[in-house]
Amino acid sequence: MKRMLSGIKPTGQLTLGNYIGALRNFVNYQDDYEMIVFIANLHCITEYQEPAELRKNLTDAVALYLACGLDPDKATIFLQTDVHAHAELGYIMACNTYLGELNRMTQFKDKMAKGEKNMTAGLFTYPCLMAADILLYDADYVPVGEDQKQHVELTRDLAQRFNNRYGETFNVPEPLIAKVGARIMSLSDPSKKMSKSEETNKGCIYLLDDLKVARKKIMPAVTDSVGKVQLDKQNQPGLYNLIEIASSLSGRTMEDIVSEFADQGYGKLKAYTADVVCDTLASIQERYTQIIESRQIESVLKEGAEKASAIADRKIEEVKKVIGLEIKY
Ligand code: TYM
């Protein structure tokens with residue numbers, strides 16, 4: 001069975017973008033692949049997080065993994081800091097990454113360009129830790145949204161470089177990006193990715209949003225003045241985004257949705273999208289509440305950490321040995 005690995009960094013509440021671009025795919029793949037999914041808590045602190053809020057976001061993220069359908073009997077689910085080899089290999093990967101490579105990472109460049117203040121060294125070297133997350137497990141595939149593709153490509157380069165220097169050590173992974181839903185855009189500005197770091201919350205739906213609030217974000221979503229329901233990503237990006245959201249969550253093709261709403265206004269399409277989103281959120285939230293009350297999170301994470309450590313500890317030992325870091329008496 002091929003191995004798949006991915007993670008989410010809960011610097012805030014998980015979003016509909018996280019669900020469509022990543023989480024729902026993890027759930028779909030867990031039957032056919034050996035699935036390893038973790039909560040990237042070390043990645044969260046590349047920017048300051050208020051401790052109590054961070055703890056709550058991490059707990060909610062695990063509960064949401066389960067609520068969205070990840071099954072601990074099929075998938076290995078764990079917290080990154082519970083497996084110490086991540087930090088260790090992260091440092092080793094940073095020593096095998098050139099500054100020029102990190103300077104080319106668009107996520108970092110975008111933040112620089114926006115003039116963000118107090119950017120940390122951890123944020124700059126974060127792709128090295130992400131490479132370690134993946135390479136520790138010799139993952140074959142890494143299911144991610146489009147914004148993470150460049151990081152997985154860097155991971156491939158780092159794996160190849162390491163293998164050339166020290167001999168075959170890491171499997172070279174491939175990014176796996178879904179055809180529909182790999183980049184869900186903000187509802188209030190369809191030129192930007194839907195993101196938890198948006199300044200206003202208007203364009204971003206959170207999985208734990210009150211259903212009325214979610215609907216209120218969809219109905220005024222920015223569209224265009226063309227006035228025709230059709231698939232034109234270039235000229236009607238907001239409309240395209242709504243159709244993509246509706247398609248991802250309903251299982252219908254985008255064309256099928258367009259043909260139903262072609263002769264109806266944008267309002268009807270928005271109302272349909274809101275219905276589909278609210279149905280999805282309602283069932284996730286119902287399960288989320290049960291999971292939080294059942295206190296199963298701790299046992300899931302304990303078992304996941306044991307399974308993940310068994311793989312990661314072996315790999316980090318092998319890495320240290322081939323580099324020459326160990327002294328054997
Ligand atoms: P993060 O937490 O920003 O996002 C988690 C996953 O959600 C996807 N995603 C989206 N997909 C579609 N539309 C959107 N608007 C949208 N927003 C987010 C992301 O592409 C991602 O798949 N660096 C990673 C976490 C990470 C990781 C890893 C992932 C750490 N180590 C190893 C894979 C393998 C991150 O910050 O994702």
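Two strands pair if DSSP finds at least two bridges between them. The exercises below apply to a predicted model.

**Exercise 1. Pairing around S2**

Determine in which sense S2 pairs with S1 and with S3, and over how many bridges.

Solution.
- Step 1. Strand S2 covers residues 34-39, and strand S3 covers residues 75-79.
- Step 2. Five bridges link S2 and S3, which meets the cut-off of at least two. The sense of this pairing is parallel. Within it, Ile-39 stands opposite Leu-79 in S3.
- Step 3. Strand S1 (residues 3-8) also pairs with S2 in the parallel sense, over six bridges. Here Arg-3 is opposite Glu-34 in S2.
- Step 4. Between these two strands comes helix H1 (residues 16-29), and S1, H1 and S2 form a β-α-β unit that is right-handed.

**Exercise 2. Cover of S2 and of Ile-257**

State how many residues of S2 are buried, and decide whether Ile-257 is buried or exposed.

Solution.
- Step 1. Buried means under 20% relative accessible area.
- Step 2. In S2, five of the six residues are buried, and the strand is mostly covered.
- Step 3. Ile-257 lies in helix H11 (residues 254-261). Its relative accessibility is 0%, so Ile-257 counts as buried.
- Step 4. Tyr-272 is 15 residues from Ile-257 in sequence, and their C-alpha atoms are 9.6 Å apart.
- Step 5. For the protein as a whole, 50% of the 329 residues are buried.

**Exercise 3. The second largest pocket**

Find which helix gives the most residues to the lining of the second largest pocket, and classify the lining residues by polarity.

Solution.
- Step 1. The pocket has a volume of about 180 Å³.
- Step 2. Its lining includes Leu-42, Thr-46, Ala-87, Tyr-91, Thr-125 and Leu-129.
- Step 3. Two elements give two or more residues each: helix H4 (85-94) and helix H7 (121-135).
- Step 4. H7 gives the most, with five residues.
- Step 5. By class, seven lining residues are nonpolar, four are polar and none is charged.

**Exercise 4. Overall dimensions**

Compare the radius of gyration with the value from the globule rule.

Solution.
- Step 1. The protein has 13 helices and five strands.
- Step 2. The radius of gyration is 21 Å, and the globule rule gives 20 Å for 329 residues.
- Step 3. The two values are close, so the protein is as compact as a globular protein of that length.
- Step 4. The C-alpha trace spans about 80 × 45 × 40 Å along the principal axes.

Conventions: Residues numbered from 1 in each chain as written. Predicted model: local features only at pLDDT ≥ 70, side-chain atom pairs only at ≥ 80, totals over all residues. Heavy atoms only, no water. 1 Å grid on protein atoms, 1.4 Å probe; cavity = no way out; pocket = protein on both sides within 12 Å on 5 of 7 lines; lining within 4 Å. Points joined across faces, edges and corners; volume = space filled by probe spheres on them. Helix = DSSP H or I, 4+ residues; strand = E, 2+ residues; numbered from the N terminus. Nonpolar A, V, L, I, M, F, W, Y, C, P; charged D, E, K, R; others polar. Buried < 20%, exposed > 50% of the residue type's maximum accessible area, 1.4 Å probe, protein only. Right-handed = clockwise from strand over helix to strand, strands pointing away. Rg over C-alpha atoms; globule rule 2.2 N^0.38 Å.
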